[in-house]
Amino acid sequence: MICLRGVYDPFDKVPVSLKEYCVIEKSDYETELWVKVRPSQKADLVSGLAVISLSGLNIVLKSMIPINDVLCFTSYLKNFVFVGCTAGTIAVINAQTYRVEYKVEIKSKSSNQSNFALNILSMICMEELDPSYLIIGLGNGQIHVYTEADIERKFATHQKVITVDKSKPITKLAHCKENLFVAAHQVIHVFEVENFRKIYTFDLNQQGFHQNHITKLCVMNHTVLVALHNASTVYVCSFKKNPSGHVSSMEMDERKTLSLSTMLPALRSAPVDVPGPSFDLHDPALFQEFTPLDIRITCMVQYQRSVLMGLGNGMLLQLDPSTYKIKFMSRRHHSPVRVVVPYQVRSEVEETLVASFGEDVVDFRGDPIPHAIACTWSIGDETESLSRYLDARKSMVHPHDH
């Protein structure tokens with residue numbers, strides 16, 4: 001059900017730090033990971049965007065694109081990658097040739113004209129709509145809406161400019177059918193995607209985290225999972241739709257709030273005599289001694305009917321949104337897991353693998369594997385919750401104890 005399939009060094013022994021990323025499905029069985037890369041030490045490798053091929057059980061570096069001041073980026077119709085940079089600069093990269101075709105500076109009529117105000121902090125492409133849209137979020141609290149025609153005119157025009165909040169930057173965007181979710185600090189603004197009219201506003205209002213802003217949004221069915229910057233809590237917000245499919249109400253379900261600082265100490269590392277290194281976390285004190293940064297959520301992505309999370313201490317978690325319990329947990333990185341990518345492969349049977357990236361990988365004894373930074377996983381769709389799964393494995397090893 002759960003299996004570590006391989007470890008990889010796509011950067012040929014060069015220590016790197018990975019940050020933001022996006023994924024392009026080139027075909028049914030070829031996935032490209034575009035990721036912001038910075039060498040951890042002085043090296044020949046330049047900072048910029050790395051293009052990594054995820055095909056079968058191979059993780060291979062295809063290209064390095066040198067580009068500075070990258071803040072966010074997104075793919076568009078598999079043909080282009082739009083890169084949001086500081087001071088309102090958009091770089092347009094050809095996704096076939098991996099070359100920067102042009103750069104353009106967007107204009108804003110906002111009264112806040114500082115360099116930070118024009119920083120492009122978030123981007124999303126809504127390709128399944130007709131027409132398709134590119135949405136960018138700025139540090140001055142605006143979103144800019146571009147159609148395919150605007151993009152063909154090299155951003156000389158735009159469909160709409162909306163001031164969401166004059167005092168708060170737009171830190172995250174998410175889209176689900178008829179609704180666009182826009183995060184400004186701790187407030188989620190919902191827009192319908194036909195005329196981009198605001199239809200709902202929801203304030204997380206987490207007083208203890210008043211300095212932290214929303215950095216992760218995962219929309220599933222009628223639920224939004226929300227995480228704040230450098231925080232270890234996932235807030236579960238349920239919403240209802242009207243007959244038009246637009247969000248009409250939203251509320252936080254505090255009973256389903258996931259506090260990892262509470263959940264993880266309640267779990268215990270698997271005994272050494274229980275087979276299967278996937279649950280061996282290599283550190284008996286892990287659950288008793290950790291800092292808030294150790295268990296901060298560094299990555300959160302939807303995977304089939306579950307959610308995958310990377311943590312600051314190198315853990316990879318699989319969460320079941322129907323029960324809000326941890327289905328799978330492993331620690332094969334000892335540095336933050338910032339990149340988690342599910343992707344399809346074709347071997348003897350068609351299956352979905354998950355690639356996780358940190359700055360290191362450790363073996364089943366907890367010793368670093370030289371130069372390895374990536375793991376691939378097979379994660380079964382029917383895996384039970386962690387506690388039940390461990391109990392079942394214990395009974396197989398010690399059948400007379402039950």
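Which side chain meets that of Lys-168 in a salt bridge? I started my notebook with this one, and the partner is Asp-165, at 3.7 Å from N to O. A reminder to myself before going on: this is a predicted model.

**Entry 1: the Lys-168 pair**

I looked up how much of each partner is accessible. Lys-168 comes out as partly exposed, with 25% relative accessibility. Asp-165 has 16% and counts as buried, because the cut-off for buried is under 20% relative accessible area.

**Entry 2: the other salt bridges**

I then asked for the total, and the structure holds nine salt bridges. I picked out two further pairs to look at.

Arg-255 bridges to Asp-253, and their closest N and O atoms lie 3.3 Å apart. Here I noted an exposed residue, Arg-255, with a relative accessible area of 75%. Its partner Asp-253 is buried, at 13%.

Next came Glu-32, whose side chain meets that of Lys-26 in a salt bridge of 3.5 Å, N to O. Is Glu-32 buried or exposed? I found it buried, with a relative accessible area of 0%. Lys-26 is partly exposed, and its value is 22%.

**Entry 3: a network**

I followed Lys-26 and Glu-32 a step further. Both belong to a network of salt bridges that also links Glu-30 and Lys-62. So, friend, if you have the viewer open, select Lys-26, Glu-30, Glu-32 and Lys-62 together.

**Entry 4: a sheet of four strands**

I turned from side chains to backbone pairing. In what order do the four strands of the open sheet stand? I read the order as 23-24-25-26, with antiparallel pairing. Strand 23, residues 297-303, and strand 26, residues 325-331, are at the edges. Each of these two has a single partner strand, which means that one side of each has no neighbour in the sheet. I also looked up the turn between neighbouring strands of this sheet: it is 20° on average, with direction ignored.

**Entry 5: strands 23 and 24**

I zoomed in on one pairing at the edge. How many bridges join strand 23 and strand 24? I noted six, in the antiparallel sense, with strand 24 covering residues 306-311. For a landmark within this pairing I chose Val-301, which stands opposite Leu-308 of strand 24.

**Entry 6: what I keep from this**

For the three pairs I checked, my short list reads as follows.

- Lys-168 with Asp-165: 3.7 Å, the Lys partly exposed and the Asp buried.
- Arg-255 with Asp-253: 3.3 Å, the Arg exposed and the Asp buried.
- Lys-26 with Glu-32: 3.5 Å, the Lys partly exposed and the Glu buried.

Definitions and conventions:
Residues numbered from 1 in each chain as written. Predicted model: local features only at pLDDT ≥ 70, side-chain atom pairs only at ≥ 80, totals over all residues. Heavy atoms only, no water. Pairing = 2+ DSSP bridges. Axes fitted to C-alpha atoms, helices over the stretch in contact; angles between N-to-C directions. Salt bridge = Lys/Arg side-chain N within 4 Å of Asp/Glu carboxyl O. Buried < 20%, exposed > 50% of the residue type's maximum accessible area, 1.4 Å probe, protein only.
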